[in-house]
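Here are my notes on the model you sent over. Have it open while you read, and take the points in order.

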Amino acid sequence: MSRTLSGGLRLIPVARPYVGLEEEAAVAEVLRSGWLSQGPRVAEFEAAFAAYVGAPHAVAVSSCTTALHLSLVALGIGRGDEVICPSLSFIATANAIAYTGARPVFADIDRETYNLDPTRIEEAISRRTRAILVVHQVGLPAALNEILAVASRYGLLVIEDAACALGSEYFVRRIGMPHGVAACFSFHPRKILTTGEGGMVTTADADLAERIRRLRQHAMSASDVTRHTARQVVFETYDEVGYNYRMSDLQAAVGLVQLRRFDRLLERRRYLAARYSRHLERVPWLKTPEESAGARHNFQSYMVRLRPDAPVSRETLMQALLERGISTRRGVMAIHREVPYQEEKWKVSLPETEAAANSTVILPLFHQMTEEEQDYVVESISQVGAFAPTGT
Ligand SMILES: Cc1ncc(COP(=O)(O)O)c(C=O)c1O
């Protein structure tokens, strides 16, 4: 739904979910079915999702944060352990590690891709390191081959925070195969495929999938579906402390519809992203996103960077765009600057992370965005730069 600013100016949002009558009908069908949570639609969504990314197993949960948390728990990571991850990420990446009692240890990123720099991982490894939590930054796959090589040299697990990376590819294989031991996805409304809230873990490890399945519903030994369909009375047991991280069938029904139209959503997004990059060539002080070797972006977000010679500060640019009815967001945050992680003594310095967190901006990009709206964004950016008084 587009909003208007005071004065009647139409607001171009930074993102907008693409949902319609098919999703409404799918939800209504679930409501009438009598089975609302973690039932047949969830199982169907898991199977369709696994087939789409090419993973042997997919387990649906309530969010990507809970997908990451359960993956770490199921892999036995906890108090006393360290997990290496980028600080340049949404805070959920580090929070999921912290929930287990383990410590996130930040490593710096590559200047061009904003992804973990494989050459900076080794300096963050200690005898407590158990895993590397790789983020595919705003949908651009990280240098998995190099990261997997470091991990195998040190006997570390690799878990993928693929929150933004559905449809992205790494050397022609979809993210989620998975390349590491597990990959975790988000279906938050800012993502290309949304279920309102929701997440998925994909893995090739059947035991891991089974353990995550149990832990997502209080470690219950027999699921609701098993008990519902049993011909004899079943008493379930709870052999450890689990969680309620279930996905509802209402969400899964939406996910199934979204997955059917996903390739179309992806194609449109890539088209608009390529168009942005072409048209933004006329703004030399902005660096547009690039795809690294073997990596194919899904353009979950279109993130640009202000070069050091930019005639405006990032804040001035974002405010001027907002005044023209264009909503933007700062680029990816630096987690180590936030209160829960600020006090720690970080082993490594994070200059690239800090520079990227200070200079990046996410521009509006969504399925329904018109070329006219996109031209207006590009034109507004050039104008803000051209008319900036020196020293802003
Ligand atoms: C990199 C990253 N990890 C994790 C998350 C958390 O996802 P969710 O909101 O589904 O918990 C997000 C959400 O935007 C994200 O961008």
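1. A definition to begin with: two strands count as paired if DSSP finds at least two bridges between them. Keep in mind that this is a predicted model. Now look at β1 and strand β9 (residues 199–203), which pair in the antiparallel sense over five bridges. If you want one spot to find by eye, A58 stands opposite T202 in β9. As background, strands of a sheet pair through backbone hydrogen bonds, either parallel or antiparallel.

2. Is strand β1 mostly enclosed or mostly open? Four of the five residues of β1 (residues 57–61) are buried, so this strand is largely enclosed by the rest of the structure. "Buried" here means under 20% relative accessible area.

3. Next, the whole chain. You should find 13 helices and 14 strands in it. The C-alpha atoms fill a box of roughly 75 × 55 × 40 Å, taken along the principal axes. A compact globule with 392 residues would have a radius of gyration near 21 Å, and the 22 Å of this chain agrees with that. Buried residues make up 56% of the 392 residues. Of the contacts with a separation of 6 or more, 73% are between residues 24 or more positions apart.

4. The domain assignment splits the chain into domain 1 (21–260) and domain 2 (262–386). Their centres, taken over C-alpha atoms, are separated by 26 Å. The contact between them takes 48 residues from domain 1 and 42 residues from domain 2.

5. Which residues have the most contacts inside the largest nonpolar core? They are F45, F49 and F185, in a core of 43 residues. Several elements give two or more residues to this core, including β1, β3 (103–107), α5 (144–154), β8 (182–186) and α9 (262–279). The element that gives the most is α2, with six residues. Why does this core lie between the domains? Domain 1 (21–260) and domain 2 (262–386) both give residues to this core, so that is where it lies.

6. Click on F49 and see what is around it. Leaving out residues up to four places away in sequence, F49 touches A58, L166, F185, F187, M200, T202 and L259. So you meet A58 and T202 again, the pair standing opposite each other in point 1. Apart from this core lies another, of 37 residues, among them A74, V83, I97 and L215.

7. There is also an open sheet of three strands, in the order β7-β6-β11, with antiparallel pairing. β7 (173–174) and β11 (295–296) stand at the edges with a single partner strand each, so one side of each is left without a neighbour in the sheet. Strand β6 (residues 169–170) pairs with β7 over two bridges, in the antiparallel sense. The bridge partner of Y170 in β7 is R173.

8. Last stop: E373, in helix α13 (residues 371–386). Is E373 buried or exposed? E373 has a relative accessible area of 8%, so this residue is buried. Its side chain reaches the backbone nitrogen of T370 at 2.9 Å. Not counting residues up to four places away in sequence, E373 touches R10, I12, F366 and Q368.

Methods:
Residues are numbered from 1 along each chain as its sequence is written. This is a predicted model: local features need pLDDT of at least 70, side-chain atom pairs count only at pLDDT 80 or more; totals for chains, interfaces and linings use all residues. Side-chain values use heavy atoms; hydrogens and water are left out. Buried means under 20% relative accessible area, exposed over 50%, partly exposed in between (1.4 Å probe, protein chains only). A nonpolar core is a set of buried Ala, Val, Leu, Ile, Met, Phe, Trp, Tyr and Cys residues joined through side-chain atoms within 4.5 Å. Domain bounds come from an automatic or database domain assignment. Contact means heavy atoms within 4.5 Å. A polar contact is a pair of N or O atoms within 3.5 Å; within protein, one must be able to donate a hydrogen and the other to accept it, and residues adjacent in sequence count only if both atoms are side-chain atoms. The radius of gyration is taken over C-alpha atoms; the globule rule is 2.2 Å times the number of residues to the power 0.38.
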